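Trainee: Could you take me through one part of this model in detail? I would like to look at the place where the two chains meet.

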Amino acid sequence: MTILDVRNLKKIYTTRFGGNQVQALSDVSFSVDPGEYVAIMGESGSGKTTLLNILAVLDQPTNGEVLLNGKNIVAIREKEISAFRRNNLGFVFQDFNLLDTFSVQDNILLPLVLSGVPYAEMTHRLRPLSEMLGIEKLLGKFPYEISGGQKQRAAVARALITNPQLVLADEPTGALDSRASDGLMTLFENINAKGQTILMVTHSIKAASHAKRVLFIKDGMVFHELHRGELSSEAMFQKISDTLTMIAAGGESNE
Amino acid sequence: MSKGFYLKMAADNIRKNSKVYVPFLISCICTVMMSYIVRALSINSGLSEIPGGNNMQMILSMGYVVISIFSAIFLFYTNSFLMKRRKREFGVYSILGMEKKHITKVIFYETLYIAAVSIFAGLITGVIFDKLCILIIRRMMEAPVALGFELSPVAMVWSLALFGGIFLLILLGNIRQVRLSNPIELLKGGNVGEKEPKAKWFMAVLGILVTGAGYYLALTIQSPLALIQLVFLAVLLVILGTYLLFTTGSITTLKILKNNKKYYYRTKNFIPVSGMLYRMKKNAVGLANICVMSVGVILLLSISISLYVTTENSINDLYPNSARIQINLAGNIRDAENQVKAETLQMAESAAEEARVSLDKTAFYTSLSIPAVPAKERFTVVSGDAVAMTRGLVTLYFIDQENYNGLTGDHVSLNADEVYIHGTEKEYEEKSLSIMDEQFHASVMEEMKEFMGETATVIGGGYYIIVNNADILQRLEQQQKALLGGYADRISTTVLIDLEKGTGKDHEKTFGTILESKLKDTDMEVTISETRVSAGDKFRAFRAGVLFVGLYLGILLLMATVLIIYYKQISEAYDDKDRYGIMRKVGLNQKEIKKSIRSQILTVFFLPLVTAGVHVAFTFSLMKKLMVLVLLNDVNLFLIYAVASYALFAIVYAIIYTVTARTYYKIVSA
């Protein structure tokens with residue numbers, strides 16, 4: 001039983017006046033099982049962001065399909081997309097994307113408000129979540145009053161509060177210092193340990209080394225795959241960096 | 001870097017920022033044009049030759065001062081919008097290695113372009129519309145229309161100097177802004193985290209109280225002319241209340257809504273309530289400005305329309321007779337009176353003969369007016385120079401019963417120590433009346449004829465008093481002279497002449513001219529001689545002047561309102577763009593975004609309009625009473641004009657809304 005099944009994704013961008021065509025994804029296929037924690041790595045321009053945008057239903061593929069719990073999200077009608085994303089997906093962004101005009105609490109509750117959840121239910125969900133993330137004291141503050149790490153934890157809370165099938169994270173440590181990054185990665189591991197499926201796109205070897213499985217994308221294709229198994233994150237770190245070196249050196253895929 | 005580079009860069013900048021520069025340019029051109037036109041009209045030699053043209057030009061000259069001040073404020077305000085938008089751009093320049101002196105150079109050329117284009121285009125359109133205005137004014141004043149091109153070099157120099165100065169100040173202001181700030185600040189522009197506004201209970205309640213007090217005054221002031229200070233107070237209170245309500249009242253209300261969790265955490269309230277909080281924080285003053293200006297536009301429009309429509313009626317009300325002559329009497333009153341009567345009657349008859357018109361009837365009365373302050377059971381006459389500074393002065397019009405009966409056909413019969421009294425604003429309540437050395441028993445006579453006509457009652461209230469005989473008048477005249485010296489009024493005989501009904505205007509005019517020249521040749525002391533036709537001309541010119549300036553200022557205010565709204569929308573759109581981008585990522589669809597934007601824009605847009613409507617409604621009765629100031633007596637139709645003006649304004653406003661809302665969506669969803 002897989003939760004996410006990506007089949008033969010292809011995406012070609014055409015410049016505005018139809019001149020040049022850029023192939024961002026040529027043929028991407030992989031699947032994610034429930035409770036998995038997958039990191040996708042690749043250099044700039046390898047198609048990571050395009051892939052994530054398609055998974056997030058922010059962009060449409062030129063070809064191929066994406067099945068979430070067996071439902072093809074590429075075929076979802078325009079009208080239902082927003083509701084679908086709210087109910088099934090949680091997002092964590094590099095630049096947090098918190099709204100300055102809302103308090104931390106209101107930022108977290110935003111998806112629930114949009115889905116029309118009653119206020120009593122909201123507080124019921126918010127309390128344990130904020131305790132788990134250690135932000136219960138920050139709820140009344142505003143995004144510009146708290147640190148980057150705190151902001152990202154608020155953003156994680158916002159992603160989790162809808163109990164999504166899948167959490168999509170786009171370079172979640174990109175704007176954080178190393179201590180905050182470590183904290184966040186530990187947090188992701190904890191969340192994952194509770195059964196939350198996570199798909200993370202990242203540049204950072206350190207961040208990726210916390211994942212259970214790492215996919216490498218190169219030139220718009222899944223180039224290589226690493227399973228962490230019983231390895232410590234340090235050993236995983238070594239393995240990932242070896243693989244990256246090999247990819248950079250232009251070697252062929254093994255395994 | 002070469003000079004040509006900066007020139008080109010400045011031009012490119014304006015082109016690239018056309019969304020904000022085009023409206024600015026248009027407003028600059030319009031202000032230059034309007035300022036030129038008013039100046040040109042106020043010194044146009046052709047207009048001064050029209051009867052009453054001088055009056056109008058005087059009003060225009062005063063209007064010019066107002067317009068100049070207004071233009072300066074207005075252009076500064078719109079320019080500050082531009083600079084706020086472009087701060088980021090200047091930040092990028094300095095990061096890219098341009099020094100402040102280079103940026104200054106670019107700004108200098110930009111301002112130069114804008115100034116040159118707007119002054120040039122403004123003057124050209126000014127010359128064209130100036131001609132149009134002259135034609136309109138001549139038409140309104142019923143003067144012959146002269147064709148041909150008119151150009152006023154003096155007004156051009158004035159406009160050049162004025163707007164050259166304004167643009168120079170704007171340039172200096174912009175340069176100062178760039179010089180004072182560092183690149184990082186410039187880059188961030190307005191994007192620094194903003195504190196959520198706090199509810200200010202005290203100020204909000206104060207706002208309600210102040211507005212309420214203003215309304216109360218506006219509704220309860222009975223005689224605005226006597227209580228002009230109170231009228232000003234009412235206006236000030238309402239304006240102050242508007243600002244307080246917009247700035248603190250709105251935020252407090254929103255805070256109350258926000259604290260009601262069950263209400264706030266609902267899809268349809270969540271984003272609008274929190275969005276409005278910030279919007280009101282940033283725009284409350286702008287909205288209050290718009291509201292106050294809207295009230296101004298609506299009132300100016302309704303006054304102007306009323307004025308234009310009711311001119312003819314008012315002329316007949318103010319000048320019921322074909323001619324009115326007032327002659328001071330000297331020596332023995334009775335003898336002088338009879339002599340004056342005989343002499344003027346004969347003069348009028350011969351003038352009528354020469355002008356080939358016939359007299360319908362003539363009437364005479366002799367009266368004395370005394371300025372005095374009402375006090376308990378008496379009227380106090382202030383002495384000497386103090387009279388000019390005295391407050392609460394009313395005018396007393398004394399007439400003897402013989403003259404009154406002769407004038408009205410009444411049969412008033414009084415004892416020597418009795419008077420009949422009638423007040424124009426309110427009746428006299430005491431039983432006895434003393435003035436200077438005289439003392440009378442007073443009884444009110446409500447139906448007494450206000451023989452001085454309406455002109456006399458325009459400013460300040462007055463009392464008409466009938467005394468027993470002319471000797472009393474003479475005694476009063478002497479006592480008053482002892483007190484007031486040169487300021488004292490004299491006993492005078494007023495002669496009212498009516499020509500036969502159906503006499504043509506030209507004939508009436510000829511008669512007036514002949515009569516006036518005859519009066520000049522006599523040794524009688526003539527103080528007033530006016531004919532309905534010439535007075536009517538002056539009056540019409542005065543009204544046309546007021547009407548023109550009113551419409552003109554109305555249009556200017558409207559234009560300012562439009563532009564402020566436009567800029568507000570644009571700058572808000574840029575602010576909101578990122579926020580809506582985030583919401584879209586979190587799971588808000590295009591439709592929901594549009595809905596939430598619409599509800600916010602609608603509120604922001606129509607709040608001032610609705611408030612303006614409420615203001616107009618509450619101050620309406622006061623305005624109606626004040627209409628007398630511009631010599632408008634037929635106030636019954638004022639309501640219709642006010643409603644029509646409001647409707648007209650609302651339509652224009654709605655059009656602006658539609659246009660700006662579209663621009664807003666475009667920016668936000670880009």
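Mentor: Happily! Between chain B and chain A about 2,400 Å² is buried, and carbon and sulfur atoms give 65% of that area; buried area here is the accessible area (1.4 Å probe) that two parts lose on being put together, summed over both. Keep in mind that this is a predicted model, where local features need pLDDT of at least 70, side-chain atom pairs count only at pLDDT 80 or more, and totals for chains, interfaces and linings use all residues. Residues are numbered from 1 along each chain as its sequence is written, chains are lettered from A in the order in which they are written, and side-chain values use heavy atoms, without hydrogens and water.

On the chain B side, B:Tyr265, B:Lys585 and B:Val586 lose the most area to chain A, together 29% of what that side buries. The contact (heavy atoms within 4.5 Å) takes 27 residues from chain A and 24 residues from chain B.

What about polar links? The rule finds five residue pairs in polar contact across this interface, both residues at pLDDT 80 or more; such a contact is a pair of N or O atoms within 3.5 Å, one able to donate a hydrogen and the other to accept it, and residues adjacent in sequence count only if both atoms are side-chain atoms. Salt bridges (a side-chain nitrogen of Lys or Arg within 4 Å of a carboxyl oxygen of Asp or Glu) number zero across the interface of chain B and chain A.

Now the helices, which are DSSP runs (H or I, at least four residues) numbered from the N terminus. Helix 10 (261–264), helix 11 (267–318) and helix 16 of chain B each supply at least two residues of the side touching chain A, and helix 16 gives the most, with six residues.
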